[in-house]
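Trainee: I have just opened a new structure and would like to learn how to read its helices. Could you walk me through it?

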Amino acid sequence: MIFSGRKTAIIAGAVVMMTLLPVRAVMGDDRLIDFANGLYSQGKSDEALEVYKELLKKDPDSGVVNYNTGIIYYRNGEYKDAVRSFVRAAATENVRLESDALLYAGNSYYRMSEEEEGADNKRSIFLCEKALEYYKRAMDVDQRDRRIKLNHEVAEQRLKALNERGKKRKKEQPLQDRKKDKGKEKNKKKKQDRREQDKKKDEQRKDQEQQQKEQRGQQDRQQRQDRQEQDRQKQDQRRDEDEKKQKEREEEDKRDREDKSKPQEEKSQQDRQNKRDEQRQEEDRRKQEKRDKEDRQQQNKRRNEDQEKKDQRRNEDRRNEDQRKQEDRQTEDQRKEEDSKQRQEQAKNEQEKQKEKERSEKEKQQREDDRRKEDQRQQQDRQKRDQRQQQDRQKQDQRRNEDRQKEDQRQQEQQEKQQKRREEDKKDRQDQSKPQDAKSQEDRQQQRDKQRQEEDRQKQDQQK
């Protein structure tokens, strides 16, 4: 818990102790989390954030990744996103992680309360109350954490100061300001009424257009059905005519074959049949041409009717659109006149509003300066901590190298000693001045082994 110069300002509880994302993977060695933590330690917070986002796609409920993501959002001043991450991180069985996540969620709400101060005092109070709520939850999880208690106390002091300031401003607010607030409420209600009127008008127009569309669709369907019925009747009529004509021709062919007054040899009959077929084909052709002509005329007639209907509807739509535009222009002109009067009234309060804005900007700038100084101090602490960690790593590497060299040297000495002992054993077996029977060689070997064990024991004692 770090405080600024003013008692009423909180600087993110335990920021200095937790800037390097100390939370590690709880289950297993997650190299991606280690890699992202390393990026953050190097000051590459944006790249670390991208890695955490990829991890959240695989496991959105990871308490560790959500917590680390919230830390980066918090450092970047994106407090709303930070709150969402910390709240998700708090849903964990790790008590330390849960309390830290709730603590930072409260800190995020506190920061947002600071940003809203001056611009919207009511919202600033609401956000401060949310911060107290999360501090209380954090204390329920871990009652021994002194950071949480300190933050809770500071937030209570801030809430008290905000309430007192709001009461004071309300008492000191002149009649002109109260009128301005009433004017805002009136303007808000007017805009809402206009939106309701426009919405109602749009709905009426849509209903009319839908009714017109359905009516036209019904007319088109009825027209298509009537035309289909006409075409069906015409086809039936033509089919009946063709069938009747075919029967007449068959009767004529039969009478010709039975007429005894005409030559009945096969060639004569065939000639008469061919002649009748030619006449019939010519007759069918003329009839078909006549029918095609009738169909074309009917098609052209229908096309003209459709085009006329289409033009009629287009003209009707154009008239309706012109009428709507005229109504909209009249409404817009009326509203412009009302807005002009309202702007004239608002211009009278502009100077006092400007003064209030300058005062709020000054307070906000002061808070930004305090926050910037604290961030700079935290950055310095982070750099010192990184430097100490780098030195520790170098010392560890140096120790490992020294241990490795000692081990290599010890193994080398051991190998040389073993080689020397093997040569002694070989020389003893080859020495003709000594008894070379098996029992004598075994006795000498046991004696040498005892001496060697005693030497090894003494050397180990010296090393210890």
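Trainee: Which residue with a positive phi follows α3?

Mentor: Good place to start, and keep in mind that this is a predicted model. Just after α3 comes G77, and its phi is positive, near 80°.

Trainee: How many residues does α3 have, and how far does it reach from its first C-alpha to its last?

Mentor: A helix can be checked by comparing its span with what 1.5 Å a residue would give. Here α3 has 13 residues and reaches 18 Å, close to the 18 Å expected.

Trainee: Is α3 largely enclosed or not, and why?

Mentor: For this we ask which residues are buried, that is, under 20% relative accessible area. In α3, 12 of the 13 residues are buried, so the helix is largely enclosed by the rest of the structure. Among them are V64, N68, I71 and Y74. The cover over these buried residues includes α1, α2, α4 and α5.

Trainee: At what angle do α1 and α3 pack?

Mentor: Their angle is about 15°, and the axes lie 12 Å apart. Angles under 35 degrees count as roughly parallel, so α1 is roughly parallel to α3. Their crossing is left-handed.

Trainee: Which residues make the contact?

Mentor: From α1 come I33, N37 and Y40, while α3 brings V64, V65, N68, I71, I72 and R75. By class, that contact has 6 nonpolar, 2 polar and 1 charged residues. As a general idea, an α-helix has 3.6 residues a turn, so residues three or four places apart point the same way.

Notes
Residues are numbered from 1 along each chain as its sequence is written. This is a predicted model: local features need pLDDT of at least 70, side-chain atom pairs count only at pLDDT 80 or more; totals for chains, interfaces and linings use all residues. Side-chain values use heavy atoms; hydrogens and water are left out. Axes are lines fitted to C-alpha atoms, for helices over the stretch in contact, and angles run from 0 to 180 degrees between N-to-C directions. Helices (H or I, at least four residues) and strands (E, at least two) are DSSP runs, numbered from the N terminus. Angles under 35 degrees count as roughly parallel, over 145 as roughly antiparallel, 65 to 115 as roughly perpendicular and the rest as oblique. A crossing is left-handed if the near helix is turned anticlockwise from the far one by less than a right angle, and right-handed if clockwise. Contact means heavy atoms within 4.5 Å. Ala, Val, Leu, Ile, Met, Phe, Trp, Tyr, Cys and Pro count as nonpolar, Asp, Glu, Lys and Arg as charged, and the others, Gly among them, as polar. The expected span of a helix is 1.5 Å times one less than its number of residues. Buried means under 20% relative accessible area, exposed over 50%, partly exposed in between (1.4 Å probe, protein chains only).
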